[in-house]
Amino acid sequence: MAASAGPEIERLIGLLSKLPGLGPRSARRAALALLKRRDQLLLPLSDALSEAAARVKTCSVCGSLDTQDPCAVCSDGSRDASLICVVEEVGALWAMERAGAFRGRYHVLGGLLSALDGVGPEALRVGPLVARASDPAVREVILALPATVDGQTTAHYLAERLSGADVTVTMLARGVPVGGELDWLDDGTIAQAMRARRPA
């Protein structure tokens, strides 16, 4: 960091650089933008961060983030309580909600199994998922996990753990995305789409 920047600016840059997708250079640009637009960006952001830190909590049922516990999704009586969609993190839950294709309940695992990173089942919210799936009202658990090695390993582990519950365990389909062209897709996506083909 340049000697002309004070410790407050260095601290701001250091904290911003810890955010996903922001390295030291991007953090410097973000800090400069915030400082240049103090009234429009920096002060409102500071207020929003303080309010979020004080009010946002983890849902005791599904593991999502909200200002109420249980969260708005778990409290919504119009949602189908017989369906549980398992996601890696809250961001995936938000993506599912944006799509508007699912009207059941969610379960946030809090990560994926990863031998390389030392993440085992005890680090994830697997026990609460098995307990929820054992409820007679639940008939299907949908594993909406990434199509990565860790995602698939986690999905297989969860399917085994849920085998004792009287539920159907399904996974999201994989294959050609809407609007996708075959010559732009990777080999694994094309192979998976061929395996998952269905009647026209």
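Here is a walk through this predicted model, one selection at a time.

**Stop 1: the sheet**

Start by selecting strands S3, S4, S5 and S6. You're looking at an open sheet of four strands, in the order S4-S3-S5-S6, with parallel pairing. Which strands sit at the edges? Colour strand S4 (104-108) and strand S6 (168-171), since these are the edge strands, and each pairs on one side only. Now turn the view and look at how the strands cross: neighbours in this sheet are turned by 25 degrees against each other on average, ignoring direction.

**Stop 2: strand S5 and its partners**

Zoom in on strand S5 (140-143). On one side, four bridges join S3 to S5, and the two run parallel. Pick out Cys85 here, which stands opposite Ile142 in S5. S5 also pairs with S6, again in the parallel sense and over four bridges. Two bridge partners to label are Val169 in S6 for Val141, and Met171 in S6 for Leu143.

Are the side chains of S5 buried or exposed? Show Glu140 and Ile142 on one side, then Val141 and Leu143 on the other: all are buried, and both faces of S5 are covered.

**Stop 3: a serine in S3**

Move to Ser82, which is found in strand S3. Its relative accessibility is 10%, so Ser82 counts as buried, the cut-off being under 20%. Show what surrounds Ser82: leaving out residues up to four places away in sequence, it touches Ala137, Val138, Arg139 and Glu140. You met Glu140 a moment ago, as one of the buried residues of S5.

**Stop 4: helices on the sheet**

Bring back the whole sheet and add helix H5 (residues 90-99). H5 packs on the sheet and touches S3 and S4, with its direction making about 160 degrees with that of S4. Next add H6, which lies across S3, S4 and S5 and runs at about 155 degrees to S4.

**Stop 5: the nonpolar cores**

In soluble globular proteins, nonpolar side chains tend to be buried together. What does that look like here? The largest nonpolar core has 19 residues, and the ones with the most contacts inside it are Val86, Leu129, Val141 and Leu158. Strand S3 (80-87), helix H6 (126-133), strand S5 (140-143) and helix H7 (149-161) are the elements that each give two or more residues to it. H6 gives the most, with four residues.

Click on Leu129 and show its neighbours. Not counting residues up to four places away in sequence, Leu129 touches Ile84, Val86, His107, Val141, Leu158 and Leu162. Apart from this core lies another, of 15 residues, with Cys74, Leu83, Cys85 and Val108 among them.

**Stop 6: the aromatic pair**

How many aromatic pairs does a search of the whole structure find? One. Select Phe102 and Tyr106: their ring centres are 5.2 Å apart and the planes are at 65 degrees, so the pair is edge-to-face, a label that calls for an angle over 60 degrees. Both Phe102 and Tyr106 are buried.

**Stop 7: some loops**

Go to Thr148, in the loop between S5 and H7. With 41% relative accessibility, Thr148 counts as partly exposed. A polar atom of the Thr148 side chain lies 3.0 Å from the backbone nitrogen of Gly151.

Now find Asp135, in the loop between H6 and S5. Asp135 is partly exposed, with a relative accessible area of 38%. Draw a distance from Asp135 to Gly21: they are 114 residues apart along the chain, and their C-alpha atoms are separated by 39 Å.

For a peptide bond to look at, select Asp69 and Pro70. The bond joining them is cis, with omega about 0 degrees. Pro70 is in the loop between strand S2 (65-66) and helix H4 (72-75).

**Last stop: Arg55**

Finish in helix H3 (residues 38-55), where you'll find Arg55. Arg55 is partly exposed, at 43% relative accessible area. Show its contacts: beyond residues up to four places away in sequence, Arg55 touches Asp66 and Thr67. Then try Gln68, which is 13 residues from Arg55 in sequence and 8.3 Å away in space, C-alpha to C-alpha.

Note on methods:
Residues numbered from 1 in each chain as written. Predicted model: local features only at pLDDT ≥ 70, side-chain atom pairs only at ≥ 80, totals over all residues. Heavy atoms only, no water. Core = buried A, V, L, I, M, F, W, Y, C linked by side-chain atoms within 4.5 Å. Buried < 20%, exposed > 50% of the residue type's maximum accessible area, 1.4 Å probe, protein only. Contact = heavy atoms within 4.5 Å. Polar contact = N/O pair within 3.5 Å; in protein donor to acceptor, adjacent residues only side chain to side chain. Phe/Tyr/Trp six-rings, centres within 6.5 Å; stacked < 30°, edge-to-face > 60°. Pairing = 2+ DSSP bridges. Axes fitted to C-alpha atoms, helices over the stretch in contact; angles between N-to-C directions.
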